[in-house]
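User: Hello! I am new to this structure and would like a close look at one part of it, with some of the surroundings explained as well.

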Amino acid sequence: MSEERFGEFVLVRRHGHVAELVLDRPGAMNAVSTDMARSVAGACAALAADRDARVVVVTSSHERAFCVGADLKERNSFSDADLVRQRPVARGAYTGVLELPMPTIAAVHGFALGGGFELALSCDLIVADRTAVLGLPEVSVGVIPGGGGTQLLPRRVGAARAAELIFTARRVEAPEALELGLVDQLVEAGRDRDEALSLAARIAGNSPVGLRAAKRALRLGQGMELRAGLEIEDAAWRAVAFSGDRAEGVAAFNEKRKPQWPGE
């Protein structure tokens, strides 16, 4: 297993074809400061360009939190001009995760609030343990979710449910989070990282070309009228139909062996 650090607060670990992006600011429960946002964006840019990374798992080094959201202590010192300057840096962290071309999984335990929950929502799947507490409390401090929450949450749970959660700013504990669809898998306390990495390893056994194309079709087709969505799917199919991965997949199936994906 190799490791690479991006700034002071983000670590990327390699587990074969699975990359683990570790939020590593334990002294502040992974509150997203300007420096941390830059680090998340930098790590995502490197991973997006890495053809060897087939799945990314976002984890936390803090025992009691995935991420508590924006660093409000830092924000309290900002002038209006500082806040304007910081906005694209903050957005870069959330869009960095959201736009990763390979499947992404968030491993959540403890607090995932505000921007922390938005980082998880930016992933394709969320695995949470029984200590997880999730929510978008921004209106309780005079702002709104600004890391994608108003757009990503309704895509998960529907417009009315998202409105209730955002307008009340309430925190949702793990069992209810699973029931509402805020998370996709609920595991025993302390098992979120292991289970997410295990799921990632299963996904990573599949064609990297196929995985990226499937994600692209899923994302681009979301919210589209069916006929338009099917055209997006057809374009994604054509992009993979003549790939080395497709040829290897068919050959491996017929030869009853494990595929050795060329990744192209």
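In which helix do Asp 35 and Arg 38 both lie, and how many residues apart are they?

Analyst: Happy to help. This is a predicted model, in which local features need pLDDT of at least 70, side-chain atom pairs count only at pLDDT 80 or more, and totals for chains, interfaces and linings use all residues. Residues are numbered from 1 along each chain as its sequence is written, and side-chain values use heavy atoms, with hydrogens and water left out.

Your two residues both belong to helix α1 (residues 34–48), where they sit three residues apart, about one turn of the helix. Helices (H or I, at least four residues) and strands (E, at least two) are DSSP runs, numbered from the N terminus. Asp 35 and Arg 38 also join their side chains in a salt bridge, 3.5 Å from N to O. That term stands for a side-chain nitrogen of Lys or Arg within 4 Å of a carboxyl oxygen of Asp or Glu. Side chains of opposite charge can pair when their charged atoms come close. Asp 35 is partly exposed, at a relative accessible area of 48%, and Arg 38 is partly exposed at 48% as well. Here buried means under 20% relative accessible area, exposed over 50%, and partly exposed in between (1.4 Å probe, protein chains only).

Now for some other salt bridges, since the structure holds 21 of them. Glu 3 pairs with Arg 13, with 3.1 Å between the closest N and O atoms. Glu 3 lies in strand β1 (residues 2–6) and Arg 13 in strand β2 (residues 10–15), so this pair ties together parts that are 10 residues apart in sequence. Both residues are also members of a salt-bridge network with Glu 20, Arg 191, Arg 193, Asp 194 and Glu 195.

Another salt bridge joins the side chains of Arg 130 and Glu 188 at 3.3 Å, N to O. This one links distant parts of the chain, 58 residues apart: Arg 130 is in the loop between β8 (125–129) and β9 (133–135), and Glu 188 is in the loop between β11 (185–187) and α8 (192–204). Arg 130 is partly exposed, at 45% relative accessible area, whereas Glu 188 is exposed, at 51%.

Finally, a word on a sheet. Four strands form an open sheet in the order β5-β7-β9-β10, with mixed pairing. β5 (65–67) and β10 (172–173) stand at the edges with a single partner strand each, so one side of each has no neighbour in the sheet. Two strands pair if DSSP finds at least two bridges between them. β5 pairs with β7 (residues 111–113) in the parallel sense over two bridges, and Cys 67 stands opposite Ala 112 in β7.
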